[in-house]
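Notebook open, coffee poured. I want to go through the ligand sites and then a few backbone oddities.

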Amino acid sequence: MHGTRILDEADRLMTVCNSCRYCEGLCAVFPAMEMRRAFSDGDLNYLANLCHSCGACYVDCQFSPPHEFNVNVPKTLSVARAESYAAYAWPRALSGTFARNGLVISIIAALSMAAFILGFAALNDHSVLFGVHTGPGAFYELMPHNAMAALFSAALLYAILALVMSVRAFWRDIGDPIGRADCGSIFQAMRDAGELRYLHGGGVGCYNEDDRPTDRRKLYHHLTFYGFLLCFAATSVATLYHYLLGREAPYPWWDLPVVLGTLGGIGLIVGPVGLFVAKMQRDPELLDEGRYGMDLGFIAMLFLTGLTGMALLILRETAAMGPLLALHLGAVFALFITMPYGKFVHGIYRFVALVRYAQERRGEAGS
Amino acid sequence: MGRKYDVLVIGGGNAALCAAISARRSGASVLVLEGAPKFYRGGNTRHTRNMRCAHDAATEILTGPYTEEEFWEDLLRVTGGQTDEELARHMIRESKDILNWIVEQGVRWQPSLGGTLSLGRTNSFFLGGGRAMLNALYLTAEQLGVEVEYDAEVTDLVIEDGMFLAARVKRSINGETEIRATSLVAAAGGFEANIEWLKQYWGEAADNFLIRGTPYNRGSILKMLLARGVQEVGDPKQCHAVAIDARAPKFDGGIITRHDSVVFGIVVNKHAQRFYDEGEDIWPKRYAIWGRLVAAQPDQIAYIIFDSTVVTSFMPTLFPPIAGQTVAELASKLELDPAALEKTVTEFNAAVRPGTFDHTILDDCRTEGVTPPKTHWARRIETPPFLAYPVRPGITFTYLGTRVTKEARMLMQDGKPSANMFAAGEIMAGNVLGKGYAAGIGMTIGSVFGRIAGREAAKHARNQNS
Ligand SMILES: Cc1cc2nc3c(=O)[nH]c(=O)nc-3n(C[C@H](O)[C@H](O)[C@H](O)COP(=O)(O)OP(=O)(O)OC[C@H]3O[C@@H](n4cnc5c(N)ncnc54)[C@H](O)[C@@H]3O)c2cc1C
Ligand code: HEM
Ligand code: SF4
Ligand code: SF4
């Protein structure tokens with residue numbers, strides 16, 4: 001049938017669900033399924049990435065295990081989703097990084113942080129690394145701004161290239177007919193992603209350790225997601241300050257990059273911790289346990305980025321600044337280059353699936 | 001012996017939970033004994049998807065009004081008059097408020113599901129289906145302080161002169177114990193999963209029946225009540241049966257094993273002979289007769305035969321159709337006599353008259369000169385691959401029950417109302433539904449009479465305590 005065992009299972013489940021349809025009102029997956037009678041690999045990968053893993057269809061299903069029909073949609077789609085990341089990874093040679101992702105991510109993170117520390121130590125005097133630097137340009141006494149900008153731009157550009165190539169393959173596989181996404185659908189998907197519309201169990205919240213739904217995961221995800229965006233905005237504003245206004249970091253606490261960065265940093269600390277705790281408490285039946293490494297690796301990377309960033313902000317006028325800057329830059333660098341090869345891609349694939357879904361809904365409404 | 005509860009509820013489905021919540025909200029202490037393990041809690045309610053309630057105006061999820069009078073006329077038609085008018089009208093009146101009451105208990109509605117648009121005006125669908133509905137009711141019950149025990153099958157009832165005293169319960173851990181309560185609500189469903197009991201009316205044929213819902217509805221409570229002097233109601237030989245896929249499990253296959261493709265082809269028995277007009281009537285009526293028709297065929301098996309032109313005309317099915325490039329090849333895969341099936345199909349094709357096909361109305365596509373005729377939707381079966389679904393009778397529920405009053409109070413054989421015994425749901429559905437079925441009415445009976453039974457049982461307990 002399909003290339004993999006998990007796609008065969010996803011196909012079996014979608015056939016069961018399509019003859020049942022009780023979960024139609026819970027999320028986008030079931031209406032999208034109903035638009036099809038048979039499921040290609042691309043269709044299944046699309047449905048897997050539409051699923052937000054809220055767990056409602058498991059708790060509500062009369063056929064979930066121990067019933068002999070053994071219907072577990074959230075778990076099956078979780079596994080399929082993770083395998084789809086590997087299937088569309090670019091370049092193909094690196095798709096293996098998804099297999100032992102936790103390990104890969106930790107090694108890369110450790111290496112980049114070590115590289116920054118060693119680099120700072122090798123290129124600078126001992127007294128510079130552990131010295132107290134204040135005033136504009138303080139950071140750049142350790143690493144010249146242009147070098148920093150060049151390195152990080154290169155890392156980010158590579159990440160973007162790899163992501164674009166992967167997503168292109170994904171879009172081709174799920175788009176039928178291969179079409180360009182229209183603005184309306186993209187806008188709709190931005191709203192759906194921005195509010196996590198489908199992480200809601202049909203309205204009550206998502207399911208965690210028992211059959212009592214809560215909005216906990218949604219809240220922590222918002223903190224993480226918007227924290228990340230704020231941090232990104234902070235860095236972008238700072239870059240503009242640097243090149244357009246000629247103003248050098250560090251900035252005073254009330255200045256825009258610092259305010260954005262502080263708010264974002266708090267989100268990036270509290271959010272991932274919340275998501276981590278929620279994950280540990282969740283009923284393992286709902287999860288792809290084989291992918292803990294990937295999930296935790298990503299959560300840890302975000303947390304580390306937030307934590308080192310905040311520590312840098314608080315201790316930037318002390319002797320700890322040098323080592324902290326190295327750690328923070330190492331964390332951010334690792335986050336960037338591993339973006340296309342870790343759980344970060346979930347956001348992109350989900351977004352693309354939501355665009356496709358919005359497109360399909362418009363097509364239906366139009367016809 | 002442990003504490004005495006105000007209200008003991010036996011069962012764990014819609015009727016039981018509505019009764020428990022309503023009794024608790026009326027101030028009673030309530031114990032629910034559910035015979036099934038936690039996962040299988042809620043009997044056939046787990047498999048439901050909608051409920052039929054009267055309403056005077058369209059709502060967010062219902063496309064138009066469905067008046068009490070219209071509901072009554074529908075009920076009168078499907079039962080052929082075999083209903084208790086006073087009780088039925090009372091239920092229909094109460095059903096209006098159930099639409100809101102059930103939402104207050106945490107249940108959420110959604111518009112009718114894809115493929116069931118014909119029910120969009122009359123039936124409210126549960127968001128997430130029957131198990132979601134049950135989860136909400138259990139959550140509410142527990143938050144209110146109702147005690148619930150699973151794996152707690154009631155094995156005996158102590159009843160004296162129409163007065164309930166105690167129930168014996170078999171627990172998986174503590175063995176048998178006796179539980180006393182001031183009032184009893186029996187909401188333990190019908191006896192459709194009790195093959196031995198079904199055999200009393202259907203003979204050995206019942207061995208070939210498939211049970212669409214829970215294996216836990218064995219009718220033990222019903223049997224005890226009738227044996228202890230409660231008046232019976234409903235035709236014991238009646239049961240609601242539809243044709244479901246023969247490959248379905250013996251129990252609990254639920255909604256997804258159904259077939260609604262009869263109108264698109266022909267139906268033959270194990271001798272490859274047609275036996276009934278496949279085009280007689282439109283959904284849902286045709287849906288409900290095929291179970292009984294198949295039950296009357298040798299070995300209780302039949303085959304829906306159609307061709308590749310119609311596969312996309314009905315909902316996708318759980319089990320794929322069995323296919324053959326020729327009618328003979330299909331026949332041998334079905335272990336039917338190839339020559340006989342070819343003959344049946346050829347004769348049928350020859351009898352098909354030209355017409356304009358429209359499966360939403362009683363169209364003019366019919367046969368001439370073949371017995372039995374196919375009076376509507378008759379089209380030639382000629383485009384390979386030829387396809388088939390094997391089907392067997394799938395039993396949904398039984399009609400035999402306990403007679404009750406408008407207060408859901410059981411009536412004894414001597415005509416006197418019981419002091420403290422109430423019934424709700426399938427166990428008393430026969431009062432309203434002597435035969436036939438209208439989609440969604442099972443849940444209406446459970447919710448309406450469950451709510452009443454709980455309230456009345458609590459009232460009785462309050463009067464006793466004061
Ligand atoms: C596949 C399927 C789909 C259906 N769909 C619909 C629908 O969409 N709408 C509709 O209105 N109706 C539907 N029905 C009918 C509906 O399921 C019943 O009418 C309704 O569930 C009856 O509710 P109840 O509470 O009386 O019984 P149930 O929900 O069957 O509950 C009976 C309970 O009693 C328990 N019990 C039995 N014996 C004992 C004992 N000795 N001790 C303790 N506990 C015991 C059982 O474990 C069970 O929990 C459907 C039925 C099936 C099979
Ligand atoms: C298009 C935008 C996004 C959508 C729709 C989205 C959706 C989701 C959903 C539904 C989950 C829970 C299910 C799962 O574990 O896969 C999740 C988990 C998570 N997301 Fe996002 N996300 C988006 C972007 C982001 C971004 C940009 C970040 C941070 C940089 C982020 C961080 C996380 C984290 C840390 C988890 C927890 C992982 C876990 O528990 O295993 N997400 N996301
Ligand atoms: S998850 Fe279960 S209840 Fe939901 S549509 Fe699928 S089979 Fe039906
Ligand atoms: S887990 Fe939630 S989002 Fe995923 S398919 Fe089920 S209901 Fe939809």
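How far from an oxygen atom of ligand 2 does a polar side-chain atom of A:Lys343 lie? I get 2.8 Å, which I log as a polar contact (a pair of N or O atoms within 3.5 Å; within protein, one must be able to donate a hydrogen and the other to accept it, and residues adjacent in sequence count only if both atoms are side-chain atoms).

Ground rules before I go on. This is a predicted model, where local features need pLDDT of at least 70 and side-chain atom pairs count only at pLDDT 80 or more, while totals for chains, interfaces and linings use all residues. Residues are numbered from 1 along each chain as its sequence is written, chains are lettered from A and ligands numbered from 1 in the order in which they are written, and side-chain values use heavy atoms, with hydrogens and water left out.

Entry, ligand 2. I looked up two other side chains: an N or O atom of A:Arg350 is 3.0 Å from an oxygen atom of the ligand, and for A:Asp295 I read 3.3 Å to a ligand oxygen. The shell holds 21 residues, taken as those with a heavy atom within 4 Å of the molecule. A:His221 and A:His346 are among the closest. I sorted the shell by class and got nine nonpolar, six polar and six charged (Ala, Val, Leu, Ile, Met, Phe, Trp, Tyr, Cys and Pro are nonpolar, Asp, Glu, Lys and Arg charged, the others, Gly among them, polar).

Entry, who supplies that shell. In chain A, α10 (216–245), α11 (256–281), α12 (292–315) and α14 (345–366) each give at least two residues; helices here are DSSP runs of H or I, at least four residues, strands are E runs of at least two, both numbered from the N terminus. The largest share, five residues, is from α10(A). Domain 1 (5–87) and domain 2 (91–366) of chain A both contribute, so ligand 2 lies between them; the bounds come from an automatic or database domain assignment.

Entry, ligand 4. By class I find nine nonpolar, three polar and no charged residues around ligand 4. A:Cys27, A:Cys51, A:Cys54 and A:Cys57 are among them, and α2 (29–34) and α5 (73–88) of chain A each supply at least two residues.

Entry, backbone. Most residues other than glycine have a negative phi, and most peptide bonds are trans. I noted a cis bond from A:Pro65 to A:Pro66, omega near 15 degrees, and another joining B:Pro384 and B:Pro385, omega about -5 degrees. B:Asp252 has a positive phi, near 65 degrees.
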